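Morning, everyone. I'll keep this short. Please have the structure open as we go.

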Amino acid sequence: MKIAVIGAKGRMGQAMSAGVEQTDGLELVAQLDAGDEITTESLNGAEVAIEFTRPDSTLKNTLAVIGAGVHCVVGTTGWTDEGLDQVRELLETKPGVGAIIAPNYALSAVLAMSFAKKAAAYFESAEVIELHHPNKVDAPSGTALTTAKGIAQARREAGLGPMPDATETDPGGARGANIDGVHVHAVRLRGLTAHEEIVFGNPGEQFTIRTDSFDRESFFPGVLLAVREVSGRPGLTYGLDQLMDI
Ligand SMILES: NC(=O)C1=CN([C@@H]2O[C@H](COP(=O)(O)OP(=O)(O)OC[C@H]3O[C@@H](n4cnc5c(N)ncnc54)[C@H](OP(=O)(O)O)[C@@H]3O)[C@@H](O)[C@H]2O)C=CC1
Ligand SMILES: O=C(O)C1=N[C@H](C(=O)O)C[C@H](O)C1
């Protein structure tokens with residue numbers, strides 16, 4: 001299968017290019033980065049494009065790849081509901097073309113998000129702490145946003161009200177971001193790669209889910225799964241959990 005990597009000079013682009021080159025049956029036919037136009041010519045016969053760029057570039061890039069009739073596996077964060085709708089609309093005009101967009105391709109992170117949704121109904125309190133390398137441009141992480149939204153939805157479905165929190169003063173924002181009623185804290189620390197801890201509390205007990213990507217190679221098995229599945233899934237698939245039996 002012929003593969004293009006977009007964002008090829010970046011941290012993820014380099015790791016994904018190496019993964020493609022080391023995988024039997026995959027051929028790296030294009031490596032594009034900032035300043036390169038995405039066209040049928042520059043994609044150079046790719047059947048699938050892997051896109052890891054920047055939150056402010058990913059929508060335009062994804063639409064360009066689909067516009068060229070090429071399947072797309074996207075890992076960049078920063079997606080809005082409106083952006084996802086634009087992708088869906090374009091895919092409707094391109095029968096047979098598929099796009100998979102996922103906030104995290106590490107299997108441990110996908111499982112953590114899934115387990116968090118299951119646990120959410122059983123605890124009074126839940127908070128998300130994401131920890132990343134200090135070169136990351138967005139906070140909170142796409143994974144943390146998805147995790148928090150999943151917890152919030154599960155709590156709503158279970159009929160749970162707001163979490164207990166007596167905070168009256170917080171001038172510096174020490175309680176973190178409030179995503180759908182779930183507090184999310186972002187740590188940026190030299191030495192880290194990508195980590196997330198989800199903590200649940202009840203009177204007298206705590207449940208912690210933790211996922212650690214120590215190396216960007218951890219994202220490749222999930223990306224590879226998406227690359228192999230995307231041509232059989234026309235339209236938009238959001239989240240790697242959709243491809244896993246979880
Ligand atoms: N879903 C997942 O599993 C994962 C998602 N991510 C996400 O992937 C994204 C990339 O992360 P990371 O690799 O660390 O970031 P980097 O900044 O290391 O890499 C991004 C690359 O994309 C380039 N770029 C910028 N604009 C464009 C453009 N318009 N077209 C093509 N390339 C462009 C950048 O060039 P320049 O530096 O010149 O701007 C850079 O080379 C982030 O959103 C991150 O959150 C990361 C890890 C896993
Ligand atoms: O920027 C990163 O590094 C990562 N970004 C994604 C996110 O924002 O969730 C996935 C992973 O956490 C690594």
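His133 is found in the loop between strand 6 (125-132) and helix 6 (142-157). Helices here are DSSP runs of H or I with at least four residues, strands are runs of E with at least two, and both are numbered from the N terminus. A word on the basis: this is a predicted model, where local features need pLDDT of at least 70, side-chain atom pairs count only at pLDDT 80 or more, and totals for chains, interfaces and linings use all residues. Residues are numbered from 1 along each chain as its sequence is written, with chains lettered from A and ligands numbered from 1 in the order in which they are written.

Why start with His133? The UniProt annotation "binding site", from an unreviewed entry, covers His133, Gly142 and Thr143. Such annotations may be inferred rather than shown by experiment.

Is His133 buried or exposed? It is partly exposed, because 14 other C-beta atoms lie within 10 Å. The cut-offs: buried means 20 or more other C-beta atoms within 10 Å, exposed means 12 or fewer, and partly exposed is in between, with C-beta atoms placed from the backbone.

Beyond four places in sequence, His133 is in contact with Leu192 and Thr193. Contact means C-beta atoms, placed from the backbone, within 7 Å.

Next, Gly142. It is found in helix 6. It has 19 C-beta neighbours inside 10 Å, so it counts as partly exposed. Leaving aside neighbours within four places in sequence, Gly142 is in contact with Thr77, Gly78 and Pro103.

Terms used
Contact = placed C-beta atoms within 7 Å.
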